Amino acid sequence: MEQFLHIRVLLGIVLGLAITTLLKGLARFVQHPGRERVYGVHIAWALSMFTLLAHFWWWEFRLVHVAQWSFVAFAFLILYVVVLFVLCTLLFPDDIGDYQGWRDYFLSRRQWFFGIMAASYVIDFGDTLIKGRRYFEAFGLEYPLRNLAYVVLCLVAMRTRSEAFHRAFVAASLVYQLSWIYRLYDLVS
């Protein structure tokens, strides 16, 4: 239990920085409503990332059941949370002066954003295995299919500028993510 609390502190710090990045980025639009034009797909991915971070924080409560920790498992979790932080910083960089607005910025950075997001779904397999094989298998076939679908959709999103695809992907992602959280993680055991 003591090891978990120690690990949770570092995870919490990095997650807190990621959430701060998102909230500061979103607050820009309220603070200076006329300065920058909002791009709906970008904002929806920011909301999706916020949901993912809250889900991750909630989900990591299950780490309390890990009986023995190794440095490899610890480092793996830190890698995972750093990847999530990087996704947030890609959504809200310090400056977008080199771009014609948020749409132009998002579409020009989509290869990085979706490439790293695809990697996060691969990393998620390892995170789930850290919690134990029984835990991993409890998800059934939906879990590996979900992660595989996200990886494939991220690879498509890296290559297409199609507004319809990006809108549909983020909308479906948010709906599915909320469904997944509600169905599997409503209560922590």
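**Exercise 1. The largest pocket**

Work out how much space the largest pocket of this predicted model holds, and which helices line that pocket.

*Solution.* Start with the volume: the largest pocket encloses about 230 Å³. Next, list the lining: Leu17, Thr20, Thr21, Lys24, Gly25, Arg28, Phe85, Thr89, Phe92, Pro93 and Asp94. Now assign these residues to helices. Both α1 (2-31) and α3 (71-91) give at least two residues to the lining, and α1 has the largest share, with six. Finally, sort by class: four lining residues are nonpolar, four are polar and three are charged.

**Exercise 2. Two enclosed cavities**

Find how many cavities of 30 Å³ or more the structure has, then describe the lining of the largest cavity and of the second largest.

*Solution.* A search of the whole structure gives three such cavities. Take the largest, with a volume of about 100 Å³. Around it sit Leu52, His55, Phe56, Trp59, Tyr80, Leu84, Ser120, Tyr121, Asp124 and Arg146. Helices α2, α3 and α5 each contribute at least two of the lining residues, and the largest share, four, belongs to α2. By class, this lining has six nonpolar, two polar and two charged residues.

Move on to the second largest cavity, at about 60 Å³. Its lining consists of Trp45, Ser48, Met49, Leu52, Met117, Ser120, Tyr121, Tyr150, Ser173 and Gln177. Here α2, α5 and α8 each supply at least two residues, with α2 again giving the largest share, four. Six of the lining residues are nonpolar and four are polar, while none is charged.

**Exercise 3. The length of α5**

Check whether the end-to-end distance of helix α5 (residues 110-130) agrees with its number of residues.

*Solution.* Count first: α5 has 21 residues. At 1.5 Å a residue, the helix should span 30 Å, and its end C-alpha atoms are 30 Å apart, so the two values agree. Then look just beyond the helix: Gly132 follows α5 and has a positive phi, near 115 degrees. For the record's view, an unreviewed UniProt entry places transmembrane regions at residues 7-27, 39-59, 71-92 and 112-130. Residues 112-130 are 100% helix in the model, and residues 71-92 are 95% helix, with end C-alpha atoms 31 Å apart.

**Exercise 4. The nonpolar core**

Identify the residues that touch the most other members of the largest nonpolar core.

*Solution.* This core has 62 residues, and Trp45 and Phe114 touch the most other members. Elements giving two or more residues to it include α1, α2 (40-59), α7 (142-159) and α8 (163-185). The largest share, 12 residues, comes from α3.

Note on methods. Residues are numbered from 1 along each chain as its sequence is written. This is a predicted model: local features need pLDDT of at least 70, side-chain atom pairs count only at pLDDT 80 or more; totals for chains, interfaces and linings use all residues. Side-chain values use heavy atoms; hydrogens and water are left out. UniProt positions are given in the numbering used here, feature names are shortened, and annotations may be inferred rather than shown by experiment. On a 1 Å grid over the protein atoms alone, a cavity is a set of points where a 1.4 Å probe fits but cannot get out, and a pocket is an open set with protein on both sides within 12 Å along at least five of seven lines; lining residues have an atom within 4 Å of a point. Grid points are joined across faces, edges and corners, and a volume is the space filled by probe spheres set on the points. Ala, Val, Leu, Ile, Met, Phe, Trp, Tyr, Cys and Pro count as nonpolar, Asp, Glu, Lys and Arg as charged, and the others, Gly among them, as polar. The expected span of a helix is 1.5 Å times one less than its number of residues. A nonpolar core is a set of buried Ala, Val, Leu, Ile, Met, Phe, Trp, Tyr and Cys residues joined through side-chain atoms within 4.5 Å. Buried means under 20% relative accessible area, exposed over 50%, partly exposed in between (1.4 Å probe, protein chains only).
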